[in-house]
Amino acid sequence: MLKNTLYPWMTGLALMLGLSGTLSAQYTPAQVQALEQAKRAKLQAGQNTPKSDKNIQPEQDCPDAITICQDVYVQTFSYSGTGYIPNEINPAISCLDGGEQNDVWYIFTALNSGILNFTITPLNPADDYDWAVFDLTGHSCPEIYVDPSLQVACNFSAIPGPTGANNDTTGHAQNELAIPVTAGHTFVINVSNFSATQSGYTLDFSAGTVELYDTIPPVADSAAYVCNNYGVRIYFNELISCGTIAADGSDFFATNSAGSPVAVIGAVGVECSPSHKYTNYIDVMIAGQTQNETITVGVKEGSDGNSIGDKCLNMMTSMSISALVGPQPVVNLGEDLKLCPVDLYYPVLDAGVSDAVYSWYHNGVSLPDSTQSYQPSSPGQYSVIVFRDITSDPCVLSDTLNVDIAMDYCIDNMPNAFSPNGDGYNDILLNGVDVAIVNRWGQTMFVGNTGWDGTVNGENASNGTYYAIVKFYNSGGELITLKYPVTLVR
Ligand SMILES: [Ca+2]
Ligand SMILES: [Ca+2]
Ligand SMILES: [Ca+2]
Ligand SMILES: [Ca+2]
């Protein structure tokens with residue numbers, strides 16, 4: 001009932017008093033008392049908060065507060081509901097006795113010490129807005145709920161129309177004194193619409209002396225060679241808006257010491273993520289260099305239609321910053337190895353990058369070796385992870401190679417005949433291979449890896465067909481027995 005009857009009454013009152021949206025109304029104590037009673041009743045009945053949380057916006061939660069970048073905000077459509085985080089303000093320790101009410105958050109860090117002076121003016125003069133200011137310096141948003149010392153000013157007056165921290169306090173309980181703030185301190189302002197209407201408001205900071213935001217584009221402070229995003233890491237004097245960084249690197253161009261262009265192949269806002277909109281530094285990725293090279297990076301309009309901008313989207317128009325970039329380290333174990341089980345020989349694997357810490361793995365199991373090269377002794381998957389501490393972001397490089405053993409890889413090369421006649425040519429069969437030689441009746445002629453010389457117990461074996469039996473483990477760890485015929489001809 002209150003919801004239905006209060007607005008016409010308030011609107012009538014506003015008309016009777018000749019209110020405009022910009023003037024503070026003067027109410028008699030009795031009128032103020034009536035307004036306060038109505039507000040308390042409404043609060044108790046829970047009638048002011050829309051039941052539906054349609055049109056929830058991220059800025060309705062303190063962690064995603066709107067960064068103040070202008071003196072006047074004209075909001076033609078009021079916020080509804082309390083955002084994704086509904087209970088950020090504790091009625092028990094804040095003057096906002098309803099907690100969050102159809103609210104939105106603003107944030108700023110004072111650039112100088114000065115006076116914060118603001119007024120919220122509802123576009124409908126009958127609307128009752130409330131607000132609170134919290135000093136978040138050295139604190140996080142969730143602490144607002146538990147730490148009453150963070151609230152520096154607050155107003156929950158039921159008097160409709162303009163309200164703020166604006167010194168217009170004489171006879172106006174809806175206003176507070178303007179707020180002195182210290183340079184470098186970060187504040188959040190909660191703007192709450194108790195009336196739950198959709199008419200909008202203006203939020204005007206222009207009467208204050210504190211600088212809430214800057215109008216100066218970012219400046220590159222320093223640059224360094226980085227390894228993982230191979231190229232140049234650029235540090236800025238203020239936070240960069242992640243949304244202004246084109247992933248293709250087109251916001252930047254680079255030259256070497258001879259002034260020749262160096263291809264920029266990407267850019268990464270290192271601290272950017274779905275939950276982080278700003279970063280202090282950007283990795284500008286460049287084409288691989290083969291020697292030490294001084295790379296100078298400049299800024300331009302990228303494929304995203306802008307250059308690089310700060311939190312208030314002040315865009316850079318120029319930059320020239322250099323770093324000495326080393327040759328690009330590349331770890332490459334080479335092509336997969338396909339080895340023949342006969343005359344089996346494992347090549348040494350070489351990580352290809354020196355002065356690093358190496359971790360070798362066989363089929364995902366760590367190996368004890370920690371040198372640049374590794375001598376495999378069985379088939380399977382070999383990996384190396386190279387940790388190289390040459391830049392402020394030690395690079396982690398890796399490569400993997402498969403070692404496979406199969407007859408397919410050597411069938412054409414298998415010796416299937418030999419002539420042990422002492423002429424020095426083809427006198428030994430399968431030297432260096434673990435092999436057993438049997439005759440047609442299965443009698444063993446030879447076992448070993450030094451090769452068969454065609455004798456048995458010092459006697460020449462006769463010409464004819466024998467069988468070589470070679471056993472080996474394939475890549476799957478399976479023991480394979482291969483038996484194939486060989487011919488002895490003297
Ligand atoms: Ca919220
Ligand atoms: Ca109010
Ligand atoms: Ca700036
Ligand atoms: Ca851009």
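I take a residue as buried when its relative accessible area is under 20%, and on that reading 46% of the 490 residues of the chain count as buried. I keep in mind throughout that this is a predicted model.

**Entry 1, the whole chain.** I looked up the overall dimensions and found a radius of gyration of 39 Å, where a compact globule of 490 residues would have one near 23 Å. Taken along the principal axes, the box that the C-alpha atoms fill is roughly 130 × 60 × 35 Å. For secondary structure I noted two helices and 34 strands. I also checked how contacts are spread along the sequence, and among those with a separation of 6 or more, 66% join residues that are 24 or more positions apart.

**Entry 2, the calcium ion (ligand 3).** Which residues supply the protein donors of this ion? I found Asp214 and Glu238, each listed twice through side-chain oxygens, together with the backbone O of Ile216 and an OD atom of Asp310, at 1.9 to 2.8 Å from the ion. The angles among the six donor atoms run from 50 to 154°, and the site is irregular. Along the sequence I wrote the spacing of the donor residues as D-x1-I-x21-E-x71-D. Isoleucine 216 lies in the loop between strand 12 (201-204) and strand 13 (220-226), while glutamate 238 belongs to strand 14 (residues 231-241), so this pair ties together parts that are 22 residues apart in sequence. I then compared their surroundings: isoleucine 216 is exposed at a relative accessible area of 54%, whereas glutamate 238 counts as buried at 18%.

**Entry 3, the calcium ion (ligand 2) and serine 192.** For this ion I listed Asp128 (OD), Tyr129 (O), Asp130 (OD) and Ser157 (O) as the coordinating atoms, at 2.2 to 2.3 Å, and their spacing in sequence reads D-Y-D-x26-S. Are aspartate 128 and aspartate 130 buried or exposed? Both are buried. I followed these residues to serine 192, which touches Asp128, Tyr129 and Asp130 as well as Gly99, Gln101, Asn102 and Asp103, when residues up to four places away in sequence are not counted. Serine 192 has its place in strand 11 (residues 186-193) and is buried, with a relative accessible area of 2%. Its side chain reaches the backbone oxygen of glutamine 101 at 3.0 Å.

**Entry 4, serine 307.** I located serine 307 in the loop between strand 19 (293-299) and strand 20 (321-325), and there it is buried, with a relative accessible area of 6%. A polar atom of the serine 307 side chain lies 2.6 Å from the backbone oxygen of methionine 316. Leaving aside neighbours within four places in sequence, I find serine 307 in contact with several residues, including Thr244, Asp251, Val299, Met315 and Met316.

**Entry 5, a sheet of four strands.** The two strands that flank the loop of serine 307 also appear in an open sheet with the order 16-15-19-20 and antiparallel pairing. Why is one side of strand 16 (261-262) and of strand 20 left without a neighbour in the sheet? Both stand at the edges with a single partner strand each, so no strand pairs with the other side of either. I looked at one pairing in detail: strand 15 (residues 252-255) meets strand 16 in the antiparallel sense over two bridges, and threonine 255 stands opposite proline 261 in strand 16.

Conventions:
Residues are numbered from 1 along each chain as its sequence is written. Chains are lettered from A and ligands numbered from 1 in the order in which they are written. This is a predicted model: local features need pLDDT of at least 70, side-chain atom pairs count only at pLDDT 80 or more; totals for chains, interfaces and linings use all residues. Side-chain values use heavy atoms; hydrogens and water are left out. Donors are N, O and S atoms within 2.8 Å of the metal (3.2 Å for Na, K and Ca); water is not among the atoms, so sites may look incomplete. Four donors count as tetrahedral if all angles lie between 85 and 135 degrees; four count as square planar and six as octahedral if opposite donors are over 155 degrees apart and all others between 65 and 115; anything else is irregular. Buried means under 20% relative accessible area, exposed over 50%, partly exposed in between (1.4 Å probe, protein chains only). A polar contact is a pair of N or O atoms within 3.5 Å; within protein, one must be able to donate a hydrogen and the other to accept it, and residues adjacent in sequence count only if both atoms are side-chain atoms. Contact means heavy atoms within 4.5 Å. Two strands pair if DSSP finds at least two bridges between them. The radius of gyration is taken over C-alpha atoms; the globule rule is 2.2 Å times the number of residues to the power 0.38.
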